[in-house]
Structures are given as structure tokens and as C-alpha cells.
Amino acid sequence: MQLAGQDVSYVLRRSVRRTFALQIDHRGVKVAVPRPAREADVERFIIGHQDWLLGKIAARQAQSGPPPFEPVDGACLPVLGESCCLRVGEPGRSSHWRRSPDGTEELVLGKTRDPRGAITGALRKRALPWFAERVAAYCLRLGRNTPPVRLSSARTRWGSCSSVSGIRLHWRLIHLPPELIDYVVAHEVAHLVEMNHSPRFWAVVAQLYPDWKTARTRLRAAGQTLPLIEPGSRDETLNED
């Protein structure tokens, strides 16, 4: 069945039990139900626990996440949800972006002894103006002044909002499709109205980004697939603030 736009397969087991149970292990998802349970009851039970289930699925996928990114010529990494190829060993000292003849975006690294640092630097420079423009757009919708926007390398948060220092957004968001970046931006901008996670806060999020629940689920899954450019990034577990 589909849960928040994600296909989830499960094994259904009926027995003389009285309660419903949901389990996930290395073999997949199992649902145990009383023998007379109707299919509609089974689906209602799964949907009622979809956040827990999708979270467990994402956690299992993270345990076998992508290998460390190797900065070699021709390697590809996502930028704004699209594939971007790395070009190494070409003349020149400064890194820059360009389009290949087939339309694919490329990141050309200049001469450097630290290719990982050069890639991260290029991505951060790409990220900040993009994020700042999206924050300004969502602030305009709320009739709020745009706060300072800075990049973050936090180990546990995609973003944060402070009435003193403004909005911080994790630079690795630049890998994600624009609609998922927008969800994080909308989440943080909503904190300009409500500095909490109360029902009033989520109402503001819904006003700015109506399909926020689906985006939140997609974000948690996508976050586990990002390239591991910097040492230690495998340990990051990123959530909204």
C-alpha cells in the first residue's frame, strides 16, 4: 500500500490472536491480526501507525546508507535534486559551475589538495543565495521582515530560527529537490510567528506549505541518501528544529 506517497510492502498474518501488531525487521514489514479482521481494518491500523513505520523504514535504510563520496573525475552528486558531475584535473585554480554539451550541470574543481573541502565550499556558496531568496519569499507571504539567513553544519537539525540571530539552514539541503528545501524554509519561517511546535505553529506551516506532512516524510527518507562528502557526516541524524 501507499503511505505518504511511498510504496510499502508487508506480509499479513492472521491467527487466533485478539490484537493487531506491527513489526519490522531485516526481512521486511509484518502485520499480525485476528483471523476475522477485515482488510479495511488492517489498512486503517497501518495508516494509524504510518509515522512510526516510515520512521523505522528510514532508520533501517540509514544503517546501510550510501558509501563515502569519492571526489574523482566523473563522479556525480545531487544538486537541487538533479545530478551534477564532478570534473577534476582540468586547468585553472578556481572551482566553478558549468553546463556540459548534453545539458548536465558540472562542478569543475580547480587545482587543490583538498577536493572534499573544495566541493563543500562550492556547494555552500551555491546554497546561501538560494536559501536566502526562498526565506524572503516565504516571509513576504506572512508579511514579515526577512531575518538574517546563515548556513549551518548542525549535526541534528536541518534548520533553526532565533529572534536574535535569524534563520540558519543546513548547507546539505542544497542536495535536495527545491520542494523539500521549501518545506524546511517554511518550517523555520513559521517560527517567526510561533516559537514553538504548538497546534498554532503547525497551522502557520500549513498556511505556508499545505502538503507539509508528505514533505516531512519525504525529507526524512531523502536525508539518509545524501552523499557523504565530509568525514563524520554518516553520523548525522537531521530533523527539523
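**Group meeting talk: salt bridges and cores**

Okay, let's start with the charged pairs: this structure holds eleven salt bridges. Keep in mind that what you're looking at is a predicted model. As a reminder, side chains of opposite charge can pair when their charged atoms come close.

I'll walk through three of them. Take R218 and E179, which form a salt bridge with the closest N and O atoms 3.2 Å apart. What does that pair tie together? R218 sits in helix α6 and E179 in helix α4, so the bridge links parts that are 39 residues apart in sequence. Both ends are partly exposed: R218 has a relative accessibility of 37%, and E179 comes in at 34%.

Next up, R200 and E194. Their side chains meet in a salt bridge at 3.3 Å, N to O. Is R200 buried or exposed? Exposed, with a relative accessible area of 53%. E194, on the other hand, counts as buried, at 15%. So here an exposed arginine pairs with a buried glutamate.

There's also a bit of networking going on: D73, R87, R98 and E106 are joined into one network by salt bridges that share partners.

The third pair is R134 with E133, and in that salt bridge the closest N and O atoms are 3.5 Å apart. This time the arginine is the buried end: R134 has a relative accessible area of 16%. E133 is partly exposed, at 44%.

Right, on to the nonpolar side. The largest nonpolar core has 49 residues. Which of them touch the most other members? Those would be I119, F131, L176, Y183 and V189. If you want to trace this core by element, several strands and helices give two or more residues to it, including β6 (76–79), β7 (82–87), β10 (149–152) and β12 (166–170) on the strand side. On the helix side you'll find α3 (115–142), α4 (178–190), α5 (199–208) and α6 (212–222). And which element gives the most? That's α3, with ten residues.

Then there's a second core, separate from that one, with 14 residues. Among them are V8, F45, L54 and I57, if you'd like to find it on the screen.

One last thing to look at while the model is up: α4 and α6 both turn up among the elements giving two or more residues to the largest core, and the R218–E179 bridge runs between those two helices.

That's it from me, happy to rotate the view.

Note on methods:
Residues are numbered from 1 along each chain as its sequence is written. This is a predicted model: local features need pLDDT of at least 70, side-chain atom pairs count only at pLDDT 80 or more; totals for chains, interfaces and linings use all residues. Side-chain values use heavy atoms; hydrogens and water are left out. A nonpolar core is a set of buried Ala, Val, Leu, Ile, Met, Phe, Trp, Tyr and Cys residues joined through side-chain atoms within 4.5 Å. Buried means under 20% relative accessible area, exposed over 50%, partly exposed in between (1.4 Å probe, protein chains only). Helices (H or I, at least four residues) and strands (E, at least two) are DSSP runs, numbered from the N terminus. A salt bridge is a side-chain nitrogen of Lys or Arg within 4 Å of a carboxyl oxygen of Asp or Glu.
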